[in-house]
Structures are given as C-alpha cells and as structure tokens.
Amino acid sequence: MIDSQFEDILIYFSKSLMGKENEEDILWDVAKNCISKLGFVDCVIYLVDESEDLLVQKAAYGPKSPKDQKIYNPVEISIGQGITGSVAKTGKPELIPDTSQDSRYIVDDDVRLSEICVPIMYEDELYGVIDCEHPEKGFFSERHLKMLSAIASVCAIKIKSVRANKELIEKQTKLIQVKEEMLELKLKAFNSQLNPHFVFNALNAIQYFITTQNTKFALDYFSTFSKLVRFYLKQLGKDSASLYNEIDMLHWYLKLQKLRYDGSFDYSISIEKENNELKEAVIPSFVILMLFENIVEQSIINGVIDQHFNIGIKALKDIVKIEVQYQCKGLESKTLENHWYRENIMEWKEQVELLNTVKGYDISHETSSSFNNSLHEKNIILNLPNLA
C-alpha cells in the first residue's frame with residue numbers, strides 16, 4: 001500500500017502537470033518539485049534518444065542542478081550500460097541497496113551507495129528513466145520504489161499526450177502547407193496558361209481574322225479560346241481531371257497555337273486503352289498541358305520550322321503513359337528572344353517535382369534527343385498516376 005503522504009504527493013504531481021505542454025517542463029517539474037517532496041537528495045531524469053540508442057540527461061534535482069533549469073556536466077548513457085541503461089533495456093525498476101556491490105554502477109558526479117531507478121513507460125513504450133541516488137546504504141525502500149514507479153507512470157502518460165498533440169499540430173501544419181503549395185501550383189499553372197501575353201495574342205489573332213474578313217477562322221478561334229478559358233476556370237480548384245477532358249484541353253490549346261503561329265507546326269493525338277473495362281482514366285490536372293506549353297513556346301522562340309508532334313497516350317490500370325515524338329528543323333538559338341514571356345511560363349519539370357513532393361504522385365519522366373544535320377528529334381515519355 002502507498003501511504004497517505006505519498007498519495008498527496010501523487011495528487012499534487014498529477015495536478016501540476018495539467019498545464020504542462022512541453023516535455024522539459026514536465027521533467028523539471030518531476031525533478032524540482034516532486035522528488036524534493038520525497039526527501040531525496042539526488043535525482044537525474046533521462047530521455048531516450050532513439051536515433052542514437054542513448055539515454056540523455058534532461059532534468060535533475062540536487063548536485064547535478066544547483067540552480068535554475070540547467071544540468072551540470074550532462075552525460076549520456078548507452079541503452080544497456082550501467083544500472084540506468086539496464087533498467088531502460090529491461091523496462092523493469094531496480095532498487096540497489098549497496099552500489100559498491102554492483103559492478104554495473106557508474107559514477108556520475110560523486111559516489112553514492114544507494115540507487116533506485118524506474119523506467120518511464122506507457123503501453124510498452126519507453127520514454128526515459130528516473131534515477132535517484134543517496135550516499136547512505138539501504139536508504140531507499142519498497143515504498144519509495146512503488147511511489148517513484150507511480151510518478152514515472154503519470155509522467156509517461158503526460159509525455160505521450162504531449163507528443164501526440166505535437167504530432168497532430170505538425171500534421172495540421174503540414175496539411176495547411178500542402179494546401180498552400182497546391183494553391184500556389186494551380187495559380188502558377190493558371191498564370192502560365194492565361195498570362196496577359198497569351199490572352200492578348202489570342203484576342204489580337206481574333207481581331208486579325210475579323211479585320212481580314214476571315215470570319216470562319218475568327219469564329220473558330222473564338223470558340224476554341226472560349227472552351228479553353230471555361231475549362232481553366234472550372235478546373236482551377238481541382239487537383240485531378242479525366243484523361244479525356246485533358247486531351248480535349250490539349251487539342252484546344254494546340255489548335256489555338258497552330259492558328260496563332262500560322263501553321264508553324266502540326267500534331268496528331270492517339271489514345272490507347274489497356275482493355276475495354278477501363279472506361280475513363282483520371283490524372284493530375286494541367287501536367288500534360290504544361291508540358292506542351294513549354295515545348296511549343298520554346299520551339300517558337302528558338303525559330304524552328306517544320307515541327308510535328310506525334311502524341312501517343314496509353315491508359316493502363318495504374319498509370320497513364322504519355323509519349324511525345326517531336327521533330328523539327330532549325331538549330332536551337334542560344335539567345336532566347338521574348339524573354340519576359342518565358343519567365344512567366346512555369347517549367348513542367350518544376351510542376352512534376354512539386355506534385356511528387358506535395359501529393360506523393362511518383363510521376364516519372366525521361367527525355368532523349370538527337371540531331372541529324374538540321375533535323376532535331378526529341379522523345380519525351382511522361383508517366384502519370386491513374387487516379388481513377
């Protein structure tokens with residue numbers, strides 16, 4: 001049985017921990033307030049450093065901490081080393097009436113002849129160890145052992161609660177960060193596709209077709225441009241889109257750019273399914289379009305001619321494979337004109353890296369290219385997750 005004095009100490013200790021939300025504050029409260037009420041003269045509290053398999057001194061009462069919340073000459077003990085390390089390894093408390101007869105005893109700041117050591121554990125998880133010493137032989141009793149074990153249990157429960165709350169806050173903070181990064185990604189993609197330069201050029205193209213009385217081209221361009229804008233606005237708040245919708249958007253974009261750049265490139269799009277059961281794949285939004293925004297604008301700036309994009313899209317059960325075979329003539333220019341516009345286009349590889357980091361999509365890609373006289377051939381393979 002634990003007597004009423006010990007019960008009062010335990011109740012006091014439990015109440016004093018209610019407002020503590022920091023591990024060090026908890027340990028110092030045990031050392032400075034609770035241990036002193038037991039009449040002990042020396043106590044050191046260790047926490048487990050799992051990365052190094054060590055016990056690290058974090059709080060103390062007595063000679064190791066003469067004032068404030070500071071430990072004089074803190075030490076580290078390997079799990080399994082000494083009496084303290086043995087208790088950490090076995091998870092069982094120990095009472096040593098005569099340390100001079102125990103070969104495991106390790107001298108810290110001074111030799112003491114009695115030692116009591118209990119693990120700070122909850123549900124088989126070790127958080128640390130409370131180790132108390134006294135200069136007299138046989139000072140500690142079974143009553144001390146029961147009380148110190150009870151204090152260690154309360155301490156372990158509080159540490160577990162603090163760590164759980166900290167983990168929850170970290171997860172919530174990470175979730176907010178992920179949402180912010182995704183919003184930034186969407187805004188970058190949106191800005192890249194609908195920056196003023198792109199919009200003004202589209203409107204100028206429509207105006208040109210009207211002034212030249214090419215009504216058919218003007219209506220066609222305006223209709224395609226309207227579809228593209230509507231899709232952008234509808235898709236902006238979403239992380240994924242159906243593969244077919246993305247293909248439609250890619251077709252509208254390439255059609256506009258082909259008209260805008262007076263047929264300076266041609267393209268073909270083919271889609272293949274793995275089997276008839278897979279009705280519709282779902283992929284991350286804007287990745288395909290961002291890839292082609294980069295390819296088209298870069299090629300135009302570099303002044304290449306006779307461009308052709310052969311786009312193959314294969315929908316498998318787990319991934320959607322995009323393969324682009326690109327051919328053109330004309331050497332790539334080292335000095336990029338229209339540099340302002342390039343700075344406003346998000347790099348597609350940057351987008352992929354951000355999506356992999358934030359969403360864990362594991363998007364992969366590989367690029368190969370070759371030059372044969374004036375013919376430039378490039379092959380890009382992009383593997384997107386099928387989110388269906």
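User: Hi! How many bridges join strand β4 (residues 94-96) to β5?
Analyst: Happy to help: this is a predicted model, where local features need pLDDT of at least 70, side-chain atom pairs count only at pLDDT 80 or more, and totals for chains, interfaces and linings use all residues. Residues are numbered from 1 along each chain as its sequence is written, and side-chain values use heavy atoms, with hydrogens and water left out. Strands (E, at least two residues) and helices (H or I, at least four) are DSSP runs numbered from the N terminus, and two strands pair if DSSP finds at least two bridges between them. β4 and β5 run antiparallel, and the number of bridges joining them is 3.

User: Which residue in β5 stands opposite glutamate 94?
Analyst: Strands of a sheet pair through backbone hydrogen bonds, either parallel or antiparallel. For β4 and β5 the sense is antiparallel. Within this pair, the residue of β5 opposite glutamate 94 is cysteine 117.

User: How many of the 9 residues of strand β5 are buried?
Analyst: Buried means under 20% relative accessible area, exposed over 50%, and partly exposed in between (1.4 Å probe, protein chains only). Strand β5 (residues 114-122) is largely enclosed by the rest of the structure, because the buried residues among its 9 number 7.

User: What is the phi of glutamate 123, in the turn between β5 and β6?
Analyst: These strands run antiparallel, with 9 bridges joining β5 to β6 (residues 125-134). Isoleucine 116 stands opposite cysteine 132, and tyrosine 122 opposite glutamate 125. The two strands form a hairpin with 2 residues between them, and glutamate 123 has a positive phi of about 50 degrees.

User: By how many degrees are neighbouring strands of the sheet β3-β2-β1-β6-β5-β4 turned against each other on average?
Analyst: Angles run from 0 to 180 degrees between N-to-C directions, and axes are lines fitted to C-alpha atoms, for helices over the stretch in contact. The sheet is open and has 6 strands, with antiparallel pairing. β3 and β4 are its edges with a single partner strand each, so one side of each has no neighbour in the sheet. With direction ignored, the average turn between neighbouring strands is 25 degrees.

User: At what angle to β5 does helix α3 run?
Analyst: Two helices lie across strands here, with contact meaning heavy atoms within 4.5 Å. Helix α2 (residues 23-37) crosses β1 (42-49), β2 and β6, at about 50 degrees to β2. Helix α3 (residues 82-90) lies across β1, β2, β3, β4, β5 and β6, and its angle to β5 is about 30 degrees.

User: How far apart are the axes of α7 and α8?
Analyst: Roughly parallel means an angle under 35 degrees, roughly antiparallel over 145, roughly perpendicular 65 to 115, and oblique the rest. α7 and α8 are therefore roughly parallel to each other. Helix α7 (residues 243-260) packs against helix α8 (residues 287-301) at about 20 degrees, and their axes are apart by 9 Å.

User: In which order do the 5 strands of the other open sheet stand?
Analyst: The pairing in this sheet is mixed. β12 and strand β13 (residues 375-385), for instance, pair in the antiparallel sense over 9 bridges. The order of the 5 strands is β8-β10-β11-β13-β12.

User: Which residue in β13 is the bridge partner of glutamate 366, and which strands does helix α10 touch?
Analyst: In β13, glutamate 366 has isoleucine 381 as its bridge partner. Helix α10 (residues 348-359) packs on the sheet with its direction at about 160 degrees to that of β12, and the strands touched are β12 and β13.

User: Is phenylalanine 286 buried or exposed?
Analyst: Phenylalanine 286 sits in the loop between β9 (282-284) and α8. Although not a glycine, phenylalanine 286 has a positive phi of about 70 degrees. With a relative accessible area of 4%, phenylalanine 286 counts as buried.

User: And is aspartate 362 buried or exposed?
Analyst: Aspartate 362 belongs to the loop between α10 and β12. Its phi is also positive, about 60 degrees, although aspartate 362 is not a glycine. At 67% relative accessibility, aspartate 362 is exposed.

User: What separates the C-alpha atoms of proline 63 and cysteine 43?
Analyst: Proline 63 lies in the loop between β2 (54-61) and β3 (76-78), and is partly exposed at 43% relative accessible area. Leaving aside neighbours within four places in sequence, its contacts are Val41, Asp42, Tyr72, Asp109 and Arg112. Proline 63 and cysteine 43 are 20 residues apart along the chain, and their C-alpha separation is 8.8 Å.
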